[in-house]
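Please open the structure in a viewer and keep the sequence beside it. The tour below proceeds stop by stop, naming what to select and what is found there.

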Amino acid sequence: ALPGHLLRGLLPLLTVFHLERAEDAARRAGVSTQPVWRKLWDDVMKTRPPNSESITCWRKKFLETFFSNVLHGVLDVSSDWRLNDRHFSPLLHCSPHVSQLTLCNMLQGAVELTAKHNHKVLENLAGSLQILKFQHLLSCDQSVRRSLVLLLHRLIHHGSVSQVSMCSWPVPDTVLLVLILSMSAGCWRSGNALAYHGSPCGLCREEGKAQSQESAQEGAERGCTAEQEGSSGEDQKGSPEETAARMNSVLSSPRNPPIWQNPACEETSSEVPCDHTSIQGGSCPRSSSEQLSCHPVPRKTRRRLKPAVGRKRRCLRRSRGHYADPEDLYDFVFTVAREDNSGLLDKTRTTEGESTENWTSSSPGSPCTSYAGCKKRGGPAGICSLKDAHRFRSVSTLELFSIPLTGETCRALSNLLSSWVSLENLILSYNGLHANISCILSGLRALSRHPECRFRVLRVSDMFSHVPCMELVCCVLSALPQLHTLSVSFDLKNHVEGSRPEENPSCSEAEIPESCLEVLEIRFPREPLHTAFLLPVLKASKSLQQLSLDSATLPCPQELGLLLEVLRECTPNLKKLSFHDVNLAEHQREVLLLLQDPGLQEITFSFCRLFESSTAEFLSEIINTVKRNSSLKSLKLPGNRLGNHRLVALADIFSEDSSSSLCQLDVSSNCIKPDGLLEFTKKLEGHIQQRGGQIPFTHLRLFQNWLDQDAETAQEALQRLKAVCSVVNDSWDSSQAFADYISVM
């Protein structure tokens, strides 16, 4: 054990391997290794990481990024002597510190991680990885896809991954997309199909053994027949491998068809001929009585069958539980996304004049067929049920960003969502949903009726809105009253005022049940904000704590006043209120009323043109109102053209006669220059001295101001400010930003 001062001087001389091993010794000696890891990041990565001010552990940040760079071949370990150590295996030694991993392009990283020599790396990731991201994916061959299946099975089904994100995939491969979605939902085939270098998954095998023993015990308790009891006894005496094989044989038997197996495949084992067009989404032209009489025949009979089509032979191999054909993945994916109108749950196919089971959005676990946006004319409208699929562990957060979702993909996702009980957060961003949003809501509505449903957060953002924002909000809350967070954001509106799709009636007139909503964020595509439409939402959301309204227009001067009255009456628990890009230049009275509200702890006026046509008296009223409000903790004023003189005036909020509890102040994008910031700092220091060195102010945000115009003065102001509070700023080129602004005028 070295003394602290010697250890502190030794740490910068160590390689990454030895620096990692010295971590415990440094902690015991009270020596921080963070400066060493930070310097290592600067020397090796040579970039500034995003949100660097929020990084609490540079050791983890470096090792995690280093792992990703080595995996994708973008970093040469011989480039720095601290990385080039014969004892150091980058993937193996960094993997326990990786909580977030991104796989790109043709999934080369998935192939590398599932290689036999990286078995220990994969085991480490199964215990550490929390977030798995896919970015800029391309189509890949079957061998790569199989590696992906093994990776997802280990990291999700038998690992600790809780979030799967996919982003920036302009032309998604439907097979690959639905494959990732299905495995994220914990829906896949039995463990024998998930072979790792020729051996079945050991974890699945152990689970299969436990399940078979439990089933045997339950069978004995129910008074099974002597033959069943005998077979159960043999199962318990058999080896784990034999038990797993029998388990998978049962799981894939025709009497309990797995989800990836098309019903047409089962029918090849019957003597009754059957057309196989249902594989392509067609129908089997048989009556319900003929279909019900279609029973599996003994294996010996199957062997004598001589099917003329290769696909029939593959169906037979699959029925024995083997994973022999590369088209198995295609069959699984397209069975999830497509199904005959009868669906797998429709055991009776009707002929003309007979009744049939009706698939509606109100049926739990059923696909969406009740909306125009979910129907596929001339093709299958339903999706297969997932009740017969083998269930594994699933993730709790799913994010799809900038991935176009077709009607077929939306139906597949809706089907998965309907029984995805572990799902807590769903984030859909720029997916071109349009009318298909109804299909997604159908699956979520079915999920909400499940007794084990944990779904709490829904975020939907897109370029175009298919219906008015408030109507969509009402539809969502009517279908999902258990939501805690709802965020709806659109850039442009794609609907005509006063018109709606004929087959999708309005939800805005329906009564909204009392909800659990705590956070509501709405970004309007330049739509007018009508308080009358927002009123039923607020009345049903007694627990609302945070409300954000973005890019709304106020149709009349009285509208904001009506909104404030509604907020006071309907939302007693509201703590945070935010307006962004809402013109409040002519609403000074309402702004002052909000600032004196004793219930609000955080208020944001972002790019609201507060001082566009105001006088000096208005600024003085704002300062005096905030000084008297002891409940307000955070005031955010970015993009309101404060300038130097208004910033200096804001320092009076912390004067000696102030009772303000303001902790955070955001003055980003306010044309603040270095001399104005220095004057603000000096005035703030004077107030601190008058109050005996104690003020509640702790955080100041200064992003995108004109501090580059005099670097020396700006540096002096920032150094003095950092002795008072935490300052967050950036190195922003104001001249370039001004040139960009002029260029787009």
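Which residues are linked with Asp 80 and Arg 82 in a network of salt bridges? Select Lys 39 and Asp 43 together with Asp 80 and Arg 82, for these are the residues that the network links. Please bear in mind throughout that this is a predicted model.

**First stop: salt bridges**

Within the network, turn to Asp 80 and Arg 82, whose side chains meet in a salt bridge with an N to O distance of 2.9 Å. Asp 80 has a relative accessible area of 11%. Asp 80 is therefore classed as buried, since buried means under 20% relative accessible area. Arg 82 also counts as buried, because its relative accessibility is 11%.

Next, select Glu 23 and Arg 59. Their side chains form a salt bridge of 3.9 Å, taken from N to O. This pair links distant parts of the chain, as Glu 23 belongs to helix α3 (residues 23–28) and Arg 59 to helix α5 (residues 58–71), 36 residues apart. Are Glu 23 and Arg 59 buried or exposed? Both Glu 23 and Arg 59 are buried.

Now move to Arg 589 and Glu 590. A salt bridge joins Glu 590 to Arg 589, and the closest N and O atoms lie 3.8 Å apart. Consider each partner in turn. Glu 590 counts as buried because its relative accessibility is 10%. Arg 589 has a relative accessible area of 57%, so it is exposed. The bridges visited here are among the 21 salt bridges counted in the model.

**Second stop: a cavity and a surface patch**

Select strand β10, which covers residues 457–465. Phe 464 has its place in this strand. How many cavities of 30 Å³ or more does the count give? The count comes to five. The second largest cavity holds about 90 Å³ of space.

To display the lining of the second largest cavity, select the following residues:

- Leu 433, His 434 and Ile 437, which are among the lining residues;
- Val 460, Asp 462, Phe 464, Ser 465, His 466 and Val 467, also among them;
- Leu 472 and Phe 490, which likewise belong to the lining.

Strand β10 supplies the largest share of this lining, namely four residues. By type, the lining of the second largest cavity divides into seven nonpolar residues, three polar residues and one charged residue.

Keep Phe 464 selected, and add Met 463 and Leu 492. Together, Met 463, Phe 464 and Leu 492 make a nonpolar surface patch of about 240 Å². Phe 464 thus appears both in the lining of the second largest cavity and in the surface patch. Phe 464 is partly exposed, because its relative accessible area is 32%.

**Third stop: two pairs separated in sequence**

Select Ala 110, which lies in helix α7 (residues 108–113). With a relative accessible area of 0%, Ala 110 is buried. Add Leu 152 to the selection. The two residues are 42 residues apart along the chain, and 9.1 Å separates their C-alpha atoms.

Finally, select Ser 655, located in the loop between α26 (643–650) and β17 (664–666). Why does Ser 655 count as buried? Ser 655 counts as buried because its relative accessibility is 7%. Then select Ile 695, which is 40 residues away from Ser 655 in sequence. From C-alpha to C-alpha, Ser 655 and Ile 695 are 9.1 Å apart in space.

Note on methods: Residues numbered from 1 in each chain as written. Predicted model: local features only at pLDDT ≥ 70, side-chain atom pairs only at ≥ 80, totals over all residues. Heavy atoms only, no water. Patch = residues over 30% accessible without salt bridge, like charges linked within 9 Å, V, L, I, M, F, W, Y side chains within 5 Å. Areas by Shrake-Rupley, 256 points an atom, 1.4 Å probe, with all protein chains shown as cover. Salt bridge = Lys/Arg side-chain N within 4 Å of Asp/Glu carboxyl O. Helix = DSSP H or I, 4+ residues; strand = E, 2+ residues; numbered from the N terminus. Buried < 20%, exposed > 50% of the residue type's maximum accessible area, 1.4 Å probe, protein only. 1 Å grid on protein atoms, 1.4 Å probe; cavity = no way out; pocket = protein on both sides within 12 Å on 5 of 7 lines; lining within 4 Å. Points joined across faces, edges and corners; volume = space filled by probe spheres on them. Nonpolar A, V, L, I, M, F, W, Y, C, P; charged D, E, K, R; others polar.
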